[in-house]
Amino acid sequence: MSTTPALAHPGSAPVSLRRPRIRATLTIVSLFGLLTAVNLPTALFPIIGDRLSVDAFGITIAFASYVLSLLVGLVLFRRLAERANRRTVFVCALAATSIATLGLALAPTLAWFCLARAIQGLAIAAATGTGSSALRVLLPGRPSLSGRLTLLATSGGVAAGPILGGVLSLFGSPTQTPFFVWSLVLAALIPVVLLIAPHPECRPLRRPIRTAQADPAAPMTATQQLALPEAVAASIPVIRMAALVGFASFAFLGFSLSLAPGHFAELFGATSRPMLGLLASLALLASAGAQLFPIRGRWAAPLALTAFAAGVLLLGLATALGSPGLTIAACILAGAGQGVAFQQVFGAAVSAVPSERHAATVNTIYAVTYIGSTLPVLGLGVAATAFGLTPAVIAFTLALALACGALAFTAARAAKRTA
């Protein structure tokens, strides 16, 4: 392979990048594989809890250990994509996640299980912003598409994890086989990344990105230099909205990925692990499916948030009535609404910032987003231990529906101002 650095394109990305579509696909597959790995335990948490001798709160600790380390990683690696070679970051993330996934199969205690989850969280934190930045470079001039593909890869992996975990648990040891298999899958991706992505072309851009109309040789004028802070300041409201919607989204998805399998098993008497994985993934599948379509319009976000609120409220009603059909409908409605809403606000946020701030913005949004899958879920675990899982879920869905309704109202006011 040639080691000649790619030439800079004035305004977006190098124009001489080799195999950009294949590399973009590999980036998406890698992100998908990484997120699938950390969500393999979802359908298995009831039997993992038995193996480790922990209750519902212990399950939330196991889930939160990943999220908390992910939050730490998002802070530590906030500017990693701007300083480190993207190929190196991805290879390290795949290797660390592969080893940690193997550790989940062999963990003898909750502490060891949490340690393996924490390593996964750090690896995902390093890969998320880097992968998004890589897609931005490989798809020059299409920031909305790169943002949508980032969400699709991550949410698709989150949705596939519980299903694949349930299916793979049918072969061999149910608490070990899924992790053994997926550890090998991640390890197999490493040589593919090394072969496909040339190391020199994965270096971060170190120069300011100018518009396509500007003379690439000309220095930035004083007006342009003053405009950059103004552009960043103008993007703060949309970044804040994306973070808040992400918080609400992952509060719901965090429930789906931790306590939902046990809740559905208790509510409906379900024992099939693939079925529990599918039920837990319904909202995630609906979310990922909704992101396949580039929905546009200033009213898309408020309408989607309204659907999200209605779906969450409907899930609480389905829990109170013990209705499987209503539960399925509620998960699909809430997931689709969440997917469209987050797609809209996330795309608006990453499009509003300069390219050199892209990775940092993604990590900032995800840092707040993942807090949503930690604090509310831990609170839900405490409430479930004290009052029972069903009453706790009903209270949780009511509070989350009110929060989503408030966000829908705020988004509607913003849409009116831009009319």
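1. How many aromatic pairs does the structure hold? It holds 4 aromatic pairs. Keep in mind throughout that this is a predicted model. The points below start with the rings, then move to the cores, the pocket and two single residues.

2. Take Phe-252 and Phe-308 to begin with. Their rings meet edge-to-face, with 5.9 Å from centre to centre and 70° between the planes. Phe-252 belongs to helix α9, while Phe-308 belongs to helix α12 (residues 300-321), so this pair ties together parts that are 56 residues apart in sequence. Both Phe-252 and Phe-308 are buried.

3. Phe-255 and Phe-396 form another aromatic pair. This one is tilted: the centres are 5.7 Å apart and the planes make an angle of 45°. Phe-255 sits in helix α9 and Phe-396 in helix α16 (residues 389-417), so the pair ties together parts that are 141 residues apart in sequence. Is Phe-255 buried or exposed? Its relative accessibility is 1%, so Phe-255 counts as buried. Phe-396 is buried too, because its relative accessible area of 11% is under the 20% limit.

4. There is also a ring cluster. Phe-250, Phe-342 and Phe-346 are linked into it by ring pairs.

5. Now the nonpolar cores. The largest has 98 residues. Phe-252, Leu-305 and Tyr-370 have the most contacts inside it. Which helix gives the most to this core? Helix α9 (residues 222-258) does, with 11 residues. The core draws on two domains: at least three residues come from domain 1 (18-205), and at least three from domain 2 (224-418). A second core, separate from this one, has 6 residues, including Ala-24, Leu-138, Leu-139 and Leu-145.

6. Tyr-370 deserves a look of its own. Beyond residues up to four places away in sequence, Tyr-370 touches Leu-35, Tyr-66, Val-67, Leu-70, Leu-71, Leu-74 and Phe-250. Phe-250 is also part of the ring cluster with Phe-342 and Phe-346.

7. Next, the largest pocket. About 530 Å³ of space lies in it. Its lining has 18 residues. Which of them lie nearest the centre? They are Val-238, Met-241, Val-345, Ala-411 and Ala-414. Helices α9, α12, α13 (324-352) and α16 each give two or more residues to the lining.

8. Ile-371 is found in helix α14 (residues 358-371). Its relative accessible area is 31%, so Ile-371 is partly exposed. Where sequence neighbours within four places are set aside, Ile-371 contacts Leu-71, Phe-247 and Pro-376. Leu-71 is also one of the residues that Tyr-370 touches. Along the chain, Ile-371 and Ala-251 are 120 residues apart. In space, their C-alpha atoms are separated by 8.1 Å.

9. Last, Ser-287, in helix α11 (residues 273-290). Is Ser-287 buried or exposed? Ser-287 is buried, because its relative accessible area is 2%. Leaving out residues up to four places away in sequence, Ser-287 touches Gly-335, Ala-336, Gln-338 and Gly-339. Ser-287 and Gly-337 lie 50 residues apart in sequence, yet 7.3 Å apart in space, C-alpha to C-alpha.

Technical notes:
Residues are numbered from 1 along each chain as its sequence is written. This is a predicted model: local features need pLDDT of at least 70, side-chain atom pairs count only at pLDDT 80 or more; totals for chains, interfaces and linings use all residues. Side-chain values use heavy atoms; hydrogens and water are left out. A nonpolar core is a set of buried Ala, Val, Leu, Ile, Met, Phe, Trp, Tyr and Cys residues joined through side-chain atoms within 4.5 Å. Buried means under 20% relative accessible area, exposed over 50%, partly exposed in between (1.4 Å probe, protein chains only). Helices (H or I, at least four residues) and strands (E, at least two) are DSSP runs, numbered from the N terminus. Domain bounds come from an automatic or database domain assignment. Contact means heavy atoms within 4.5 Å. Rings of Phe, Tyr and Trp (its six-membered ring) pair if their centres lie within 6.5 Å; planes under 30 degrees apart count as stacked, over 60 as edge-to-face and the rest as tilted. On a 1 Å grid over the protein atoms alone, a cavity is a set of points where a 1.4 Å probe fits but cannot get out, and a pocket is an open set with protein on both sides within 12 Å along at least five of seven lines; lining residues have an atom within 4 Å of a point. Grid points are joined across faces, edges and corners, and a volume is the space filled by probe spheres set on the points.
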